[in-house]
Amino acid sequence: MKKEQKLYCPISDKCGGCQYLHMPYEEQLNVKQEQMKKLLGKYGKVEAVEGMEQPLYYRHKVTAAVGRKKDGTIYSGVYEEKSHRILPNKSCYLENQLADEIIQEIVRLIKSFKLTVYNEKSGFGLVRHIMVRVGYHTGQIMVILVMTSNIFPGSKNFVKALREKYPQITTIVQNVNDKDTTFVLGERDIILYGKGYIEDSICGKNFKISPQSFYQVNPAQTEVLYRTAIELAHLSGKEKVIDAYCGTGTIGIAASGKASEVIGVELNQNAVRDAIQNAKINQIKNIRFYKEDAGRFMVAMAEAGEKADVVFMDPPRSGSDEAFLKSVTKLAPKRIVYISCGPDTLARDLKFLTGKGGYQVEKIIPVDMFCFTAHCECVVGLSRK
Ligand code: SAH
């Protein structure tokens, strides 16, 4: 793609997924930097946004809803913004192209196997969603067929036909979601083919991705994000590090070789289970994970008289909260590396950390994880005053 090229998508207005599609990529990066300057400039210099060389087709997790038109045509697509109407759509500038192709093949198979399609209003029908996850470095591919029932007529032949067309698929999972919900995945996974998960690597470490696992959707930039975060931590190998809001442990595991000890804290039980497994896969011995509220965990550490040298914090978009931030200042690490996907909450939290918290901002580096959208990820390095 040429840097000044403008793109056009017939459904972008209704889908609302890529607010900056009309903007050349260079301009998007400038716009994002300006926005970050406005929000965060008073805390320190905002560096240039780390952009992508190839900013298209970066999403390695692709979800499509399956619908049926009045005339019986079966199609896949995305939900219209703020609605539950499925807009027919076969490809997307943001999505991995092979994943989109596989989804189209599955739609054809749904037709030829005469499977029924879920209707949200009536609650009847079998197939709800198709999800495809592609390993960036490994090329392993997982297909997840979300259905309302565990009964999948002709599943063996369906799998065979799909694998014949796309032998690159390494695993196929049926996920059962019979609830009236906006969540795509239900709780139950039935492995139809392969191991039931794929593997991928970031920063030289291997990670297991199950259907339910949280894993950043833009793997190429995740590597840039983690590398940037680890650089800002200035690790020498002697530090005790906390990876707060650690998810499946990716940041802590990527940093473990440069630290003496890492503690990951995460609220979600499944994520903690994945994190423990990921540490095992990489034979990392100096990392431990706790399933707890990150704030409460750090208060308990501080009260027990324990210390930490560096805290990585990567909270959800809603940001952190005052209880957590107070607990960090109680623990008083030398450095905090704040990784944020919500610049507004980041600004709010920086106000506290640089005020009452007693920290100063050393560097602010935005990373473009979500090219062609208005979202911006940011890494901030702070040190104790
Ligand atoms: N650092 C990870 C995940 C970041 S997403 C990565 O890069 O992949 C944010 C994570 O914070 C989610 O996994 C969510 O479950 C977790 N979380 C949310 N509130 C929390 C809390 N109060 N304490 C600990 N973890 C929390």
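These questions and answers walk through a predicted model, from its domains to its ligand site and some single residues.

Biologist: Into which domains is the protein divided?
Modeller: Two domains are assigned, and domain 1 is written as two stretches of sequence. Domain 2 is residues 61-202. Domain 1 is 12-54 + 218-384.

Biologist: How many residues does the contact take from domain 1 and from domain 2?
Modeller: The C-alpha centres of domain 1 and domain 2 lie 32 Å apart. Residues from both sides still make contact. Domain 1 gives 16 residues, and domain 2 gives 12 residues.

Biologist: Which residues touch the most other members of the largest nonpolar core?
Modeller: That core holds 58 residues. Its largest share, six residues, comes from helix H5 (residues 219-232). The residues that touch the most other members are Phe289, Phe312, Val337, Ile339, Phe372 and Val379.

Biologist: Where does this core lie relative to domain 1 and domain 2, and why?
Modeller: Look at which domains supply its residues. Domain 1 (12-54 + 218-384) contributes, and domain 2 (61-202) does too. Because both give residues to this core, it lies between them.

Biologist: Which residues does Val337 touch, not counting residues up to four places away in sequence?
Modeller: Val337 is one of the residues that touch the most other core members. Beyond its sequence neighbours, its contacts include Phe312 and Val379, which are also on that list. The full set is Ala229, Leu232, Ala233, Val311, Phe312, Met313, Val379 and Val380.

Biologist: How many residues are in the second, separate core?
Modeller: This second core is separate from the largest one. Its members include Val265, Ala294, Val328 and Leu331. The count is 34 residues.

Biologist: Which residues are closest to the ligand?
Modeller: The ligand has 16 residues around it. One of the closest, Ala294, is also in the second core. The closest are Tyr226, Glu266, Asp293, Ala294 and Asp314.

Biologist: Which side chain has an N or O atom 2.6 Å from an oxygen atom of the ligand?
Modeller: Three polar approaches are worth checking. Gln216 has a polar side-chain atom 3.4 Å from a ligand oxygen. Asp314 places one 2.8 Å from a ligand nitrogen. The 2.6 Å pair with a ligand oxygen belongs to Glu266.

Biologist: What share of the ligand's accessible area does the protein cover?
Modeller: On its own, the ligand has 580 Å² of accessible area. The protein covers part of this area, and the share is 83%.

Biologist: Is Gln221 buried or exposed?
Modeller: Gln221 lies in helix H5. Its relative accessible area is 3%, and the cut-off for buried is under 20%. Therefore Gln221 is buried.

Biologist: Which backbone oxygen does the side chain of Gln221 reach?
Modeller: Gln221 and Gly51 are 170 residues apart in sequence, yet 8.2 Å apart in space, C-alpha to C-alpha. Apart from neighbours within four places, Gln221 contacts Glu50, Gly51, Met52, Val367, Asp368 and Met369. At 3.1 Å, its side chain reaches the backbone oxygen of Glu50.

Biologist: Asn177 lies in a loop; is Asn177 buried or exposed?
Modeller: The loop runs between strand S6 (169-176) and strand S7 (188-193). The side chain of Asn177 reaches the backbone oxygen of Val184 at 3.0 Å. At a relative accessible area of 2%, Asn177 is buried.

Biologist: What is the relative accessibility of His60?
Modeller: His60 sits in the loop between helix H2 (25-40) and strand S1 (61-68). Its contacts beyond four places in sequence include Asn96, Tyr136 and Pro219. His60 counts as buried, at 12%.

Biologist: How far apart are the C-alpha atoms of Asp309 and Arg335?
Modeller: Asp309 lies in the loop between helix H8 (294-303) and strand S13 (310-313). Arg335 is among its contacts beyond four places in sequence, as are Lys238 and Pro333. The two residues are 26 apart along the chain, and their C-alpha atoms are separated by 6.5 Å.

Biologist: What is phi of Tyr245?
Modeller: Tyr245 is in the loop between strand S10 (240-244) and helix H6 (250-255). It counts as partly exposed, at 21% relative accessibility. Its phi is positive although Tyr245 is not glycine, with a value near 60 degrees.

How values were computed
Residues numbered from 1 in each chain as written. Predicted model: local features only at pLDDT ≥ 70, side-chain atom pairs only at ≥ 80, totals over all residues. Heavy atoms only, no water. Core = buried A, V, L, I, M, F, W, Y, C linked by side-chain atoms within 4.5 Å. Buried < 20%, exposed > 50% of the residue type's maximum accessible area, 1.4 Å probe, protein only. Helix = DSSP H or I, 4+ residues; strand = E, 2+ residues; numbered from the N terminus. Domains from an automatic or database assignment. Contact = heavy atoms within 4.5 Å. Polar contact = N/O pair within 3.5 Å; in protein donor to acceptor, adjacent residues only side chain to side chain. Near = heavy atom within 4 Å. Areas by Shrake-Rupley, 256 points an atom, 1.4 Å probe, with all protein chains shown as cover.
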